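User: I should like a close look at a single part of this protein, with its surroundings explained step by step. Please write for a first-year student.

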Amino acid sequence: MGRLKHAIIIAILVALSALGLRALFVYIFALPVAASAEAGPIDSMFNGHFWALSLLFALIMVLMLYSAFVFRRREGDETDGPHMHGNTALEIGWTIVPTFVVLGFGVWGAITLNDITSPKANEMTVNVTGKQWVWSFSYPESDNILSGELVLPVDRTTVLKMRAEDVLHSFWVPEFRVKQDLVPGKETTLRITPTEVGEYQLKCAEICGLNHTQMVATVRVLDNADYLVWVAEKSA
């Protein structure tokens, strides 16, 4: 069998294996519903990484298994295999290509991070306080009303200004994709633009003590009319 035929077969097997692995990753690593504008570019990066992992794993395994099966020693063959002293072009290729792939993902990540963290027009501010083991929220633009749940208007960017009163905590709503640590003595910020009306759960993603797993809070995303009603009720 000629080299070209081997290459074609390997290419087909790699492509099929990569597609199968990608489908498996979709099942194993299923993400929750995307409920924020920031989730879109982040999910795109997830997909890019999953495709890269699928292709790389398929390439390695197909080459290894194909070579072990097709080029195995035949019965009765006692001759030595050909002596190899390296392949300069191959070595340069498998150094340069992964380097550019990693750099590409790095640039992509930097652009995405800048996009989802940069200030947006008409932002609303909410102050977030985390302490063992409870979340609290205040709304400085609405007479500093206080709430034990986070209520946000849909389709409007909210900048969360967050502080920890004791130890490290971490603000994480899986459906929003973004996450940010709360650091004692320092204010950190996080921007969220909810896109789906509904109820979600805020979790602390940093082990913060004995009752860490119970440090949760309800997050409600309301349409603009219902949000104004909620503000009026809390202000009354």
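The part in question is the sheet that contains β1, followed by the elements around this sheet.

Analyst: The model shown here is predicted. The description begins with the order of the strands, moves along the chain through the loops, and ends with the other sheet and the helices.

The chosen sheet is open and has 5 strands, which follow one another as β3-β2-β1-β5-β8 with mixed pairing. Its edges are β3 and β8, the latter covering residues 188-192. Each of these edge strands has a single partner, so one of its sides has no neighbour in the sheet. From one strand to its neighbour, the average turn is 25°, with direction ignored. As background, the strands of a sheet pair through backbone hydrogen bonds, and this pairing is either parallel or antiparallel.

How do β1 and β2 pair? They pair in the antiparallel sense, over 5 bridges. One position to find on the screen is Gly 130, which stands opposite Trp 135 in β2. Between β1, residues 124-131, and β2, residues 134-139, there is a loop that holds Trp 133. The peptide bond that joins Gln 132 to Trp 133 is cis, with an omega of about -10°.

Two further loops beside these strands each hold a residue with a positive phi. Asn 122 lies before β1, in the loop that comes after α3. Its phi is near 60°, a positive value in a residue that is not glycine. The relative accessible area of Asn 122 is 57%, so this residue counts as exposed, the cut-off being over 50%. Asp 143 belongs to the loop between β2 and β3, where β3 covers residues 145-147. Asp 143 is likewise not a glycine, and its phi is positive at about 60°. With a relative accessibility of 68%, Asp 143 is also classed as exposed.

On the other side of β1 in the strand order comes β5. Strand β5 covers residues 158-164 and includes Arg 163. Is Arg 163 buried, exposed or partly exposed? Its relative accessible area is 44%, so Arg 163 is partly exposed. Apart from neighbours within four places in sequence, Arg 163 is in contact with Val 128, Thr 129 and Gly 130, as well as with Leu 182, Lys 186 and Glu 187. Gly 130 thus appears here as a contact of Arg 163, and in the pairing of β1 with β2 as the residue opposite Trp 135. A helix also belongs to this picture: α4, residues 224-235, lies across β1, β2 and β3 and runs at about 105° to β3.

The model has another open sheet of 5 strands, in the order β4-β10-β9-β6-β7, and its pairing is also mixed. Here the edges are β4, residues 150-153, and β7, residues 179-182. Each has a single partner strand, so one side of each is without a neighbour in the sheet. The twist from one strand to the next averages 25°. Within this sheet, β9 (residues 198-204) and β10 (residues 216-222) run antiparallel and are joined by 6 bridges. Gln 201 faces Thr 218 of β10 as its opposite residue.

The remaining elements to consider are helices. Two packed helices are described by the distance between their axes and by the angle between those axes. For α2 (residues 39-70) and α3 (residues 88-117), the axes come within 10 Å and cross at roughly 165°. An angle over 145 degrees counts as roughly antiparallel, which is why α2 is described as roughly antiparallel to α3. The crossing is left-handed. On the side of α2, the residues in contact include Pro 41, Ile 42 and Met 45, while those of α3 include Phe 105, Trp 108 and Ile 116. By class, the contact of α2 with α3 comprises 7 nonpolar residues, 5 polar ones and 1 charged one. Ile 42 also gives a sense of scale: its C-alpha atom is separated by 25 Å from that of Arg 163, and the two residues are 121 residues apart along the chain.

Helix α1, residues 3-28, meets α2 as well, with axes that come within 8 Å and cross at roughly 135°. These two helices are therefore oblique to each other, and α1 passes α2 in a right-handed crossing. Their contact has 19 nonpolar, 4 polar and 1 charged residues.

Terms used: Residues are numbered from 1 along each chain as its sequence is written. This is a predicted model: local features need pLDDT of at least 70, side-chain atom pairs count only at pLDDT 80 or more; totals for chains, interfaces and linings use all residues. Side-chain values use heavy atoms; hydrogens and water are left out. Axes are lines fitted to C-alpha atoms, for helices over the stretch in contact, and angles run from 0 to 180 degrees between N-to-C directions. Helices (H or I, at least four residues) and strands (E, at least two) are DSSP runs, numbered from the N terminus. Angles under 35 degrees count as roughly parallel, over 145 as roughly antiparallel, 65 to 115 as roughly perpendicular and the rest as oblique. A crossing is left-handed if the near helix is turned anticlockwise from the far one by less than a right angle, and right-handed if clockwise. Contact means heavy atoms within 4.5 Å. Ala, Val, Leu, Ile, Met, Phe, Trp, Tyr, Cys and Pro count as nonpolar, Asp, Glu, Lys and Arg as charged, and the others, Gly among them, as polar. Buried means under 20% relative accessible area, exposed over 50%, partly exposed in between (1.4 Å probe, protein chains only). Two strands pair if DSSP finds at least two bridges between them.
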